[in-house]
Amino acid sequence: MKKAQIAEVMSYIGKRSYPARLERLGIAKLQEIARVNGKKGGRPRKQKASATK
């Protein structure tokens, strides 16, 4: 299996996992988890392109 194929499969799995968690836990629990994760730093911010030339 090539890396592109693996990435495509993992993307599909990730997209399916949110609705599954939403159905199982409910929106309130997901929001609480997101708040806790945010306090821990959460996902790193995207690097902005440097504006200085």
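**Close-up views of a two-helix predicted model**

Of the 53 residues of the protein, 2% count as buried, a class that means under 20% relative accessible area, with exposed meaning over 50% and partly exposed lying in between (1.4 Å probe, protein chains only). This is a predicted model, in which local features need pLDDT of at least 70 and side-chain atom pairs count only at pLDDT 80 or more, while totals for chains, interfaces and linings use all residues. Residues are numbered from 1 along each chain as its sequence is written, and side-chain values use heavy atoms, with hydrogens and water left out.

**View 1. The whole protein and its helices**. The protein has 2 helices and 0 strands, where helices (H or I, at least four residues) and strands (E, at least two) are DSSP runs numbered from the N terminus. Its accessible surface comes to about 5600 Å², of which 57% belongs to carbon and sulfur atoms; such areas come from the Shrake-Rupley method with a 1.4 Å probe, and for residues only the protein chains shown count as cover.

**View 2. Helix H1 and the glycine that follows it**. The end C-alpha atoms of H1 are 32 Å apart, which agrees with the 33 Å that its 23 residues should span at 1.5 Å a residue, the expected span being 1.5 Å times one less than the number of residues. After H1 comes Gly-26, whose phi is positive, near 95°.

**View 3. Helix H2 and the glycine that follows it**. Helix H2, formed by the 13 residues 27-39, reaches 19 Å from its first C-alpha to its last, which is close to the expected 18 Å. H2 is followed by Gly-41, and the phi of Gly-41 is positive, near 115°.

**View 4. Tyr-18 and its contacts**. Tyr-18 has its place in helix H1 and counts as partly exposed, at 39% relative accessibility. Not counting residues up to four places away in sequence, Tyr-18 touches Ile-27 and Leu-30, contact meaning heavy atoms within 4.5 Å. Tyr-18 and Leu-30 are 12 residues apart along the chain, and their C-alpha atoms are separated by 9.4 Å.

**View 5. Val-9 in helix H1**. Val-9 lies in H1, which covers residues 3-25, and is partly exposed, with a relative accessible area of 38%.
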